[in-house]
Amino acid sequence: MWHIQYVTAQQLAGFRQYQYRAVDSNPLSVYIMQPLWNRMVKLVPLWIAPNILTLTGFLMILIHLFILSVYDWHYTASGSSPGLIPTWVWGFGAFASFFAYALDSIDGKHARRTQSSSPLGELFDHGLDSWSISIFPLSLFSIYSCDNGKSGISVTTMYLSLIVLLLNFVFSHWEKYNTGVLFLPWGYDISQVVTVGMYLLTAIYGVEVWHRPLIFGYHLTDILIFFLIVCCIVLSLPQTFYNIHLAYVKKTLLKDSLYEGLLPLLSPMLLVILLTIWVVLSPCEILVKQTRLFLWMVGVVFSNVICRMIICQMTNTRSEVLHWLLIPLAVMVYTATAGFQGKLEEPILAAFTIFVTAVHVHYGVCVGKQLSQHFNIYIFSLKKYTK
């Protein structure tokens, strides 16, 4: 495979100095989930590399997404044909979500058990997290359905919900970029438990349970969307700004100017603007025509942008001013909204989605190989790397 040195020499040196610092103050995590993970990690054989746990969890939710894509590509099955998606798919969703949640929670513990903790492992973990944060909602949207005007949700709501989740993840790592500490969002554990519960409820009672009105005519879908907003905007975002303000007061901020501190947010914000322009001005209503494909593309591009931010915050190096993928995206948005693509807008979106997915996978493989060689370790083995 064509190998590119994505990580600079300065960043490689920064990785050598890196030390993981995190704060978890969520009562659900501290008093319930962490004791459970401490017991579960003891069941993992000591010869298994921590990154195998991380990758396995990611692949589980990815497989579930692909299964749902086969049964419900246009997010209409739960509304027009409630029985089209088999019950076992929802059961598998509950299993896959809990499995991924558990493995993502114990991989670090297992790394400490095997004395194999490394910046490579953390980057691998957070890099896959930046991708899976979009995969979870893309699967959950199949429960809601977008073709039921009474109780489903619109594709616009799907898009905005995904953007809120992704920006929440961005702000969490932007916070670490400025403070050097990862304050784990309260919404993460809550959302994971709720996701597993939703799949179980759907497997037992069917998707119809989400389309029955509750008190005052509101449906469960309305309540869950409201819950998402509360978790991301009310719980996580104020905490992020408070922690940065506290670091400013204590004079422990890592960046010495407002410009440097805000720099990592430039690409994500431009990305949101470009994507939203495309959604609003698309002549063929691309979000309606190809909802799943468009949202997948959004998640992939965001993940690549976030991964580069994570590398900068782990190495305490300056964030890039503009992510290069924004340039072809801007061309895509301009040619689509100006009408130059015409009837080819959907196939061009498909081609662009394949392109950015390939770019992101290539980026991950090259960065993993580069750090593997730098630290003299294998990614998926506890053996030492031999040059």
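Just over half of this chain is tucked away: of its 387 residues, 53% count as buried. Keep in mind that you're looking at a predicted model. What does the chain show on the outside? The exposed area comes to about 18,100 Å², and carbon and sulfur atoms supply 69% of that.

Now for the overall build. The secondary structure adds up to 15 helices and two strands. The C-alpha trace spans about 55 × 50 × 45 Å along its principal axes. A compact globule of 387 residues would have a radius of gyration near 21 Å, and because the chain itself comes out at 21 Å, the two agree. Contacts reach a long way along the sequence, too: of those between residues at least 6 apart, 82% join residues at least 24 apart. As for charge, the mean positions of the 22 positive and 18 negative charges sit 11 Å from each other.

Next, the annotation. An unreviewed UniProt entry lists several stretches as "transmembrane region", including residues 43-67, 151-171, 293-311 and 348-368. It's worth holding a couple of these up against the model. Residues 348-368 are 100% helix and 0% strand, with end C-alpha atoms 30 Å apart. Residues 43-67 are 72% helix and 0% strand, and their end C-alpha atoms lie 29 Å apart.

Let's zoom in on Cys307, which you'll find in helix 13, residues 291-315. Is Cys307 buried or exposed? Its relative accessibility is 9%, so Cys307 counts as buried, the cut-off being under 20%. Who surrounds it? Setting aside neighbours within four places in sequence, Cys307 is in contact with Gly127, Ser130, His360 and Tyr363. Leu123 tells a similar long-range story: Leu123 and Cys307 are 184 residues apart in sequence, yet their C-alpha atoms are 8.1 Å apart in space.

Finally, have a look at a couple of loops. Lys251 lies between helix 9 (220-249) and helix 10 (258-262). Its relative accessible area is 77%, which means that Lys251 is exposed. Lys251 also has a positive phi of about 60°, although it is not a glycine. Where does Glu285 lie? Glu285 is in the loop that links helix 11 (266-281) to helix 12 (286-289). Glu285 isn't a glycine either, but has a positive phi of about 55°.

How values were computed. Residues are numbered from 1 along each chain as its sequence is written. This is a predicted model: local features need pLDDT of at least 70, side-chain atom pairs count only at pLDDT 80 or more; totals for chains, interfaces and linings use all residues. Side-chain values use heavy atoms; hydrogens and water are left out. Helices (H or I, at least four residues) and strands (E, at least two) are DSSP runs, numbered from the N terminus. The radius of gyration is taken over C-alpha atoms; the globule rule is 2.2 Å times the number of residues to the power 0.38. Buried means under 20% relative accessible area, exposed over 50%, partly exposed in between (1.4 Å probe, protein chains only). Contact means heavy atoms within 4.5 Å. Accessible areas come from the Shrake-Rupley method with a 1.4 Å probe; for residues, only the protein chains shown count as cover. Lys and Arg count as positive and Asp and Glu as negative; His and the chain ends are not counted. The place of a charge is taken as NZ of Lys, CZ of Arg, CG of Asp or CD of Glu. UniProt positions are given in the numbering used here, feature names are shortened, and annotations may be inferred rather than shown by experiment.
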